[in-house]
Amino acid sequence: MDTNDQYGGQHDTRRPRIRHRGRTRGAVPRRVRLAAAAGAAALVLTAGLATPLDPAPREALAADDGKRTLTVAVAQSVDSLSPFLAVRLLSTSIHRLTYEYLTNYDPEDNHVVPGLATRWKSSPDKLTWTYTIRSDSKWSDGKRATAEDAAWTFNTMMTDEGAATANGSFTANFEEVTAPSPTELVIRLKKPQATMTALDVPIVPRHVWEKVDDFSKFNNDKDLPVVGNGPFVLTGYKPDSYVRLEANKDFWRGAPKFDALLFRYYKDQDAAVSALRKGEVSFVAGSPSLTPAQAASLRNEKNIKVNDAPGRRFYALATNPGAKAKNGEKIGDGHPSLLDQRVRNALFMAVDRKTVVDKVFQGHAVDGAGYIPPRYAHYFWEPSAGQELAYDPGKAARLLDQAGFMRNGDGKRVGKDGKPLNYRILCHATDPNDKAIGRYLEEWWGALGIGVTLNCLDNVTDPWLAGEYDLAFDGWSVNPDPDFVLSIHTCGALPATPEDTGATDNFICDEKYDGLYAQQLAEYDPAERANIVQQMQSRLYDLGYMNVMTYPNAVEAYRTDQIESITTMPSEAGNIYGQDGYWGWWSAVPADSGEGSGGSSSTGVVVGIVAGVVVLAGLGVFVAMRRRATAEDRE
Amino acid sequence: MTADATSAPVEGARTASGPVKDGPGAARGPRARTTTAYLRYVAGKVAGAAVSLLAVLVTSFFLFRLIPGDPVKFMTGGRQVSTEQLASYRREFGLDLPLWQQFTGYCGKALTGDLGTSYQFNAPVVDRITEALPNTLLLTGTAFVLYTALGIVLGTRSAWRHGRLGDRVGTGLALTLYSVPSFWLGLLLIITLSVGIGPVPGLFPTGGMESGGEEGFARVLDVAHHLVLPVVTLVAVEYGQTLLVTRSALLDEMGSDYLTTARAKGLRDDLVRRRHAVPNALLPTVTLIFINLGRTVAGVILVETVFSWPGLGGLFYQALSVPDLPLVQGLFFVFSAAVIVMNTLADLIYPLLDPRVGR
């Protein structure tokens with residue numbers, strides 16, 4: 001061949017020499033056309049075929065076989081379907097739907113209502129609780145649910161370490177559990193415990209579960225349908241694909257209105273929002289909460305309701321109280337200036353909560369006050385006018401002056417050691433709210449003369465447990481019974497030594513608070529207990545170790561052309577996904593019409609044909625262009 | 001991930017051509033000697049692969065111990081647990097043992113095919129992997145076949161008519177798509193083809209592998225329907241690589257004398273291409289094919305996430321965020337093993353494709 005550059009002229013010089021060029025050229029496009037036509041045909045087929053068969057709208061709307069399915073987009077994987085092991089929100093929500101608990105919480109105001117137990121009473125010494133078990137609850141295999149099942153469930157958790165994995169803390173104070181008759185359950189306690197009507201433990205059928213060898217390994221996901229007695233029965237499960245529940249027509253409170261409930265996975269929340277817009281799902285779970293942008297994009301959409309629900313979380317700024325272990329040894333290196341309550345209060349008074357709600361949460365949160373969110377009206381507490389640490393940077397500056405932290409020549413406040421005050425704030429790198437508020441704190445506290453170092457990490461657990469922080473962004477979900485979130489600030493929750501891990505949240509240890517905590521745990525009168533819990537919150541507020549900034553909303557959305565009505569919790573304004581109870585899904589009423597945006601099969605066919613025509617037209621253009629491009633070769 | 005793959009073919013080609021220099025005399029020897037040489041070559045490659053696998057086993061244990069985070073704290077975070085429960089968790093996962101004991105236990109079990117128990121799913125790692133593996137293989141396997149075929153066909157055509165409009169547009173398009181982030185393309189496809197724009201309703205599901213509850217043939221159709229968009233995304237992003245490698249390899253061959261000879265014999269142009277040029281130019285592409293084949297197991301984390309595909313990529317992401325050490329280690333081992341096995345296979349096939357290799 002010629003000496004031409006391989007990639008350059010060689011090609012052109014060769015071409016005229018090929019005698020069969022014309023013939024060859026003719027053959028190639030024919031093959032290409034054939035292949036392209038086959039491809040196009042396949043596409044048309046998929047589009048055309050797919051649409052009439054499109055299972056999505058059928059799934060989300062009334063199905064053609066008459067079944068009404070409510071489809072919920074979720075993201076969280078199931079950790080286990082065994083009630084003894086599951087701790088994640090999705091898994092425990094499924095257990096709420098498939099098993100009865102002794103008691104439930106009223107959707108209106110979260111007060112305790114009957115579940116598997118119809119009545120309960122405590123002995124005068126407060127140590128024996130007797131529950132009357134209902135006689136109209138049946139397992140889905142036809143057997144009756146009895147007190148014996150409940151006793152067996154609790155006893156298994158008390159004796160088998162594997163069975164205590166998820167809910168062992170509920171039975172830690174149990175002395176003995178017996179079932180004298182099928183309708184009577186007796187629990188004897190070691191010491192009084194006010195949370196006996198808030199035992200969030202699914203009761204399982206003994207005749208099914210006593211065959212399990214090893215509770216730490218059994219995930220309850222192979223033998224479907226799973227025998228249960230809740231409003232729904234678990235009938236299908238594919239990891240990270242879907243969880244299918246069918247209505248339990250014999251449920252003692254009445255059958256759910258939908259025939260089936262399908263939790264389908266959308267790992268990407270934007271995709272889940274798209275699926276809702278399309279009608280492929282009826283509901284997008286607000287866990288995690290929809291972003292302000294997603295909520296805004298859905299707000300004006302036809303047939304979609306955005307439920308901007310008051311959340312069950314508080315979002316706080318925790319200050320290191322000079323972390324110590326139970327044995328008195330110091331943990332970590334919290335800033336000594338924070339031991340002065342005036343400093344802690346001054347810091348919080350320089351936090352503009354209104355800006356946090358308006359700018360960071362874009363309105364999807366409520367201004368913070370007490371430790372327990374307002375949705376639990378019974379326990380909610382607000383500081384009085386005189387007690388309130390309202391936003392007041394001027395007063396904050398005066399408090400710091402009083403505490404002896406004066407400004408130096410550079411305008412920086414200096415500590416007793418003459419060094420400028422600079423606080424390390426622990427923040428979650430995965431939480432945009434932490435970062436945004438951190439920037440504001442730099443500005444607000446900077447104006448006070450205090451430096452801020454934002455320490456945003458993927459994993460905050462390690463420095464947190466080691467007490468290596470001055471302040472930290474903190475938050476917990478609060479249950480209808482607040483015992484747990486209160487317990488994590490008691491001295492008893494501290495680690496035994498600096499090497500141990502305790503249940504404590506922020507190393508708080510306050511005698512007065514602890515006294516109140518013990519008092520509420522032994523107080524069986526709800527009103528009196530609520531009163532004590534409010535005093536505890538007041539104490540926590542004054543101490544300034546847990547400064548609640550906001551209560552973030554749980555933003556979720558659903559299609560009103562698929563769900564006509566659904567109960568929120570609390571019913572006035574509350575969330576649907578992740579309720580403490582089965583109210584939302586149990587009460588959901590399917591919309592009458594089947595005319596969702598999912599489209600009917602006839603439009604599907606039309607669309608399939610249109611798509612096919614478009615593809616073919618595109619192909620025609622392509623072939624024409626190719627012919628024109630190679631026209632010179634044809635001579 | 002793609003960056004590694006681009007540099008890898010060169011690497012593979014270099015290893016493969018290595019033995020050529022070593023055995024100059026082999027070509028003259030009798031057939032038996034050639035066979036022995038090949039066997040020695042095979043043994044060397046297999047031994048190398050075995051050593052790599054062992055190294056991966058050891059690395060995976062220590063590498064992921066560097067991830068900060070206490071798995072027990074993560075799993076119990078946000079709920080009521082007693083100190084006794086925490087201790088029992090640690091005991092159960094073997095986290096209370098010294099590191100070297102954890103390591104020997106892990107190695108001993110791994111050799112018997114037991115990769116441990118996932119912390120967060122409370123199930124054997126092997127079970128979780130075998131559950132997700134077919135899903136990933138379905139997605140990436142389908143895409144692999146399509147993008148390889150498309151890349152080879154288009155690459156050949158591009159090279160044969162290089163410099164022409166078709167080549168420039170084709171190569172440009174392939175390069176553009178190759179540079180597009182897959183999750184972004186996936187989201188675009190969801191917005192246009194899933195949700196639908198304007199009067200056109202969506203044609204394909206927004207995500208997932210199946211609707212849930214379908215059985216038999218209806219389920220096959222359902223899964224196929226769900227498969228379309230993720231496969232299209234993967235093919236669009238991946239075919240460019242094969243195209244470019246095929247194109248440049250073929251361009252290298254196009255100056256060769258044997259092609260002139262073939263033409264001089266009067267062969268038709270497409271015969272020259274198909275029978276003479278392409279087979280000789282395919283070697284780098286074969287390397288790439290095997291590397292891609294190894295990668296199919298690793299799945300595609302981003303595409304699996306955007307389309308909510310229940311595969312290994314998504315599992316890996318979840319495992320890392322805990323960190324669910326046994327699951328992370330197990331997946332890392334499986335991913336690495338797939339690449340090592342496929343590379344070894346490529347090495348073993350080379351001598352069959354090109355007799356100069358492996359003598």
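## Val72 and the cores

Start with Val72(A) in this predicted model. Leaving aside residues up to four places away in sequence, Val72(A) touches Leu262(A), Phe263(A), Val281(A), Ser282(A), Phe283(A) and Ala285(A). Val72(A) also belongs to the largest nonpolar core, a set of 138 residues. Within that core, the residues that touch the most other members are Val72(A), Ala73(A), Ala150(A), Leu276(A), Phe283(A) and Val284(A). The element that gives the most to this core is α9(B), with 15 residues.

Another core lies apart from that one, and it has 70 residues. Among them are Leu338(A), Phe361(A), Leu389(A) and Trp444(A). As a bit of background, nonpolar side chains tend to be buried together in soluble globular proteins.

## The seven-stranded sheet

Chain A holds an open sheet of seven strands, and you can trace them in the order β8-β9-β10-β1-β11-β19-β12. The pairing in this sheet is mixed. Which strands sit at the edges? They are β8 (232–238) and β12 (304–309) of chain A, each of which pairs on one side only. Inside the sheet, β9 (residues 242–247) and β10 (residues 260–265) of chain A pair in the antiparallel sense, with five bridges between them. To spot this pairing by eye, look for Glu246(A), which stands opposite Ala260(A) in β10(A).

Helices pack on the sheet too. Helix α4 (residues 89–98) of chain A touches β1 (69–74), β8, β9 and β10 of chain A, and its direction makes about 145° with that of β8(A). Helix α9 (residues 292–299) of chain A touches β12 and β19 (554–559) of chain A, and its direction makes about 140° with that of β12(A).

## An enclosed strand

Now find strand β18 (residues 546–552) of chain A. Seven of its seven residues are buried, so β18(A) is largely enclosed by the rest of the structure.

What does β18(A) pair with? Strand β13 (residues 313–319) of chain A runs antiparallel to β18(A), joined by four bridges. Here Tyr315(A) stands opposite Thr550(A). Strand β14 (residues 365–367) of chain A is also antiparallel to β18(A), this time through three bridges. In that pairing, Val366(A) faces Tyr551(A) as its opposite number.

From β13 the chain heads into a loop that leads to α10 (341–349) of chain A, and Leu339(A) lies in that loop. Is Leu339(A) buried or partly exposed? It counts as partly exposed, because 13 other C-beta atoms lie within 10 Å and being buried takes 20 or more. The C-alpha atoms of Leu339(A) and Glu210(A) are separated by 54 Å, and the two residues are 129 apart along the chain.

## Chain B, built from helices

Chain B has 15 helices and zero strands. Of its 359 residues, 45% count as buried. Take the contacts in chain B between residues at least 6 apart in sequence: 75% of these join residues at least 24 apart.

One pair to look at is α6 (residues 125–160) and α9 (residues 216–253) of chain B. They pack at an angle of about 35°, and their axes are 6 Å apart. The crossing of α6(B) and α9(B) is right-handed. Their contact brings together 18 nonpolar, ten polar and two charged residues.

Next, look for Gly330(B) in helix α15 (residues 325–353) of chain B. Gly330(B) is buried, because it has 25 other C-beta atoms within 10 Å. Not counting residues up to four places away in sequence, Gly330(B) touches Leu115(B), Gly116(B), Val125(B) and Ile129(B). Pro355(B) is 25 residues from Gly330(B) along the chain, and their C-alpha atoms are separated by 38 Å.

## Backbone oddities

Most residues other than glycine have a negative phi, and most peptide bonds are trans. A few spots here break with that. A cis peptide bond joins Leu224(A) and Pro225(A), with omega about -5°. Pro225(A) is in the loop between α7 (206–209) and β8 of chain A. Another cis bond joins Met569(A) and Pro570(A), where omega is about 0°. Pro570(A) is in the loop between β20 (563–565) and α18 (583–587) of chain A.

Then come two asparagines with a positive phi. Asn110(A) has a phi of about 70° and lies in the loop between β2 (103–105) and β3 (112–114) of chain A. Asn110(A) is buried, with 23 other C-beta atoms within 10 Å. Asn122(B) has a phi of about 55°, and you'll find it in the loop between α5 (99–111) and α6 of chain B. Asn122(B) also counts as buried, with 20 C-beta neighbours inside 10 Å.

How values were computed
Residues numbered from 1 in each chain as written. Chains lettered and ligands numbered in written order. Predicted model: local features only at pLDDT ≥ 70, side-chain atom pairs only at ≥ 80, totals over all residues. Pairing = 2+ DSSP bridges. Contact = placed C-beta atoms within 7 Å. Axes fitted to C-alpha atoms, helices over the stretch in contact; angles between N-to-C directions. Left-handed = near helix turned anticlockwise from the far one by under 90°. Nonpolar A, V, L, I, M, F, W, Y, C, P; charged D, E, K, R; others polar. Buried ≥ 20, exposed ≤ 12 C-beta atoms within 10 Å, placed from the backbone. Core = buried A, V, L, I, M, F, W, Y, C linked by C-beta atoms within 7 Å.
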